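Good morning, colleagues. I should like to take you through one structure, moving from single residues to helix packing and the nonpolar core. Please keep the sequence and the structure in view as I speak.

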Amino acid sequence: MAKDNTKVFSDYSIPKATATLALPSMLGMLINIVYNLADTFFVGQTGNPNQVSAVSVAMPLFLLFMAIGNLFGVGGCAFISRSLGEGRRDIVKTISAFSVYGGVLVSLVLAVTYIAVREPLLYLAGASDDSIGFAKDYLFWVALGAPFVTSSITLCNLLRGEGAARQSMTGMVLGQLTNIVLDPIFILSSGDRLFSLHLPFGLGLGVAGAAIATVLGNVVSVLYFVIYFLRGKSILSVSPKRFAVNGNIVRGVLGVGAPAALNNLLMSVSNVVINMFLSGYGDNAVAAMGIAMKANMLITMLQLGLAQGIQPLVGFCYGAKNYQRMHSAIRFGMVCNVLLGTLITAVYFFARRQVISIFIENEEVIGYGVQMLTALMSSGAILGIFFVINFSFQGMGMGFRSLLLAVGRQGLVYLPLLFIMDKFIGLEGIIWAQPAADYVCIIASVLMLHFVMKSLHGKKETDNG
């Protein structure tokens, strides 16, 4: 019998509901940080900066598969939680089936495209003649596993929509741990040194091994989610019989999912652009930015996890027209994220060089990396405010507002700043463009939320009157 997880949305206090929904999401993000760092760390142990650079230039293209997962997963999650708040339980099975199979079909099209034209795409993304071979290997294997990559992200998000945060986290973490365990086996060779020990076994596949481990980890996640559904534990469905395409379902999912996907897409584009700029300073600069961005995930991913966790709570309250509870949840989420961001940034700041040194021993890469990580951390204390507001707009189904914020941080604000600051400041400008864009978009998001809440409270007073 399906378990009713929706009481967390309506019956729990705000702190208890936030903890129930956000802590599993944050723990999942914490494992996700280790999972993301593992590829770079183990590839870095090969001692070849070209392989580290290859992962950096291929990552923007990999992010497109994540964008597809978020297109259908985040959109489906928000639509499901709003529908449950409105009392429309009959539609959630169709929403979930459409989201899963829609994501698989789109990812297959992108995978075929990648395999066919991956070399010119990777050169466009900033690959050099030294790193192109490694990057092609990485992208080939990721493309082969594309349906599993997108499905794991979609299913993880859909379960959050019904309040099953713990099960969502479990499936994601199982896949990530699988990847972490397989990384050294697939990437390194027998006899290679790791933590002062010689590996007794290893396939020595380098970046190709990193990609294969990533795919197999996502396969494990999908298997867990499928078993969960088959056991009848969810009010959702992945049955092909439930798949249907109609205007309301498509608009409801894609209207909110598109901003989330566009955020991934713009991250991909902005990473390509920054790699193009940095390539003028050599492969070491490209490798350093890849390491610095992954190291900075400790701050951003935990803040994202908290914001992502309360999204279905916001969506349910919005659907139920309980705007006061929704506003309280958003405020509480922002306060928690500021405290979290301030604490981690303060501690992290004093260990910048040690953090970069974990991944690679090349002194030039470390020097660049410390400089880049310092800049990326500068907005860490308050960036969580932006994440909470953006996810809240998604939960409310306000796709256009979420879209504006996503486009601003990774596109309309960031890219012009990147070009301008590079022209007038050079490398320093490239490094500080993202933090500058962050501050602009944090201020814009707070103003947008103020006017939305003012409008909603006014609307409720009119309805009650």
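I begin with Leu21, which is found in helix H2, residues 14-44. Please bear in mind throughout that this is a predicted model. Leu21 counts as buried, at 2% relative accessibility. Its contacts, leaving aside neighbours within four places in sequence, are Val8, Phe9, Gly163, Ala165, Gly309 and Leu313. For a sense of scale, Leu21 and Leu122 are 101 residues apart in sequence, and their C-alpha atoms are 38 Å apart in space.

The next residue is Asn275, in helix H9, residues 247-279. Is Asn275 buried or exposed? Asn275 has a relative accessible area of 4%, and is therefore buried, the cut-off being under 20%. Not counting residues up to four places away in sequence, Asn275 touches Ser56, Val57, Pro60, Ala125 and Val286. Phe41 lies 234 residues from Asn275 along the chain, and the two C-alpha atoms are separated by 19 Å.

I turn now to helix H18, which spans residues 427-464 and contains Asp438. Ile431 lies in H18 as well. Ile431 counts as buried, at 1% relative accessibility. Beyond residues up to four places away in sequence, Ile431 touches Gln371, Met372 and Ala375. Ile431 and Met289 are 142 residues apart in sequence, yet 8.6 Å apart in space, C-alpha to C-alpha.

Asp438, a charged residue, also counts as buried, at 3% relative accessibility. Which residues is Asp438 in contact with, leaving aside its neighbours within four places in sequence? They are Ser379, Leu383 and Arg409.

Two of those partners bring us to a helix pair. Leu383 belongs to H15 and Arg409 to H16, and both take part in the contact between these helices. In general, two packed helices are described by the angle between their axes and the distance between the axes. Here, the axes of H15, residues 380-395, and H16, residues 399-412, come within 8 Å and cross at roughly 145°. The crossing of H15 past H16 is left-handed. On the H15 side the contact is made by Leu383, Phe386, Phe387, Ile389, Asn390, Phe393 and Gln394; on the H16 side, by Arg401, Ser402, Leu405 and Arg409. By class, these contact residues are six nonpolar, three polar and two charged.

Phe393 appears again in the largest nonpolar core, which has 142 residues. Phe393 is among those with the most contacts inside this core, together with Phe65, Tyr138, Leu278, Met326, Met396 and Leu418. Helix H3, residues 49-85, gives the most to the core, with 18 residues. As for Met326, it touches Val314, Cys317, Tyr318, Met396, Met453 and Leu456, not counting residues up to four places away in sequence.

Helix H13, residues 352-359, offers a smaller example of burial: Val355, Ile356 and Phe359 are buried there. Where on the helix do the buried residues of H13 fall? Viewed down the axis of H13, they fall within an arc of 90°, so they line one face of the helix. The general background is that an α-helix has 3.6 residues a turn, so residues three or four places apart point the same way.

I close with a backbone detail. Lys321 sits in the loop between helix H11, 297-319, and helix H12, 323-349. Its phi is near 60°, a positive value in a residue other than glycine. Most residues other than glycine have a negative phi. Lys321 is partly exposed, with a relative accessible area of 48%.

How values were computed
Residues are numbered from 1 along each chain as its sequence is written. This is a predicted model: local features need pLDDT of at least 70, side-chain atom pairs count only at pLDDT 80 or more; totals for chains, interfaces and linings use all residues. Side-chain values use heavy atoms; hydrogens and water are left out. Axes are lines fitted to C-alpha atoms, for helices over the stretch in contact, and angles run from 0 to 180 degrees between N-to-C directions. Helices (H or I, at least four residues) and strands (E, at least two) are DSSP runs, numbered from the N terminus. A crossing is left-handed if the near helix is turned anticlockwise from the far one by less than a right angle, and right-handed if clockwise. Contact means heavy atoms within 4.5 Å. A nonpolar core is a set of buried Ala, Val, Leu, Ile, Met, Phe, Trp, Tyr and Cys residues joined through side-chain atoms within 4.5 Å. Buried means under 20% relative accessible area, exposed over 50%, partly exposed in between (1.4 Å probe, protein chains only). The arc is that of the directions from the helix axis to the C-beta atoms.
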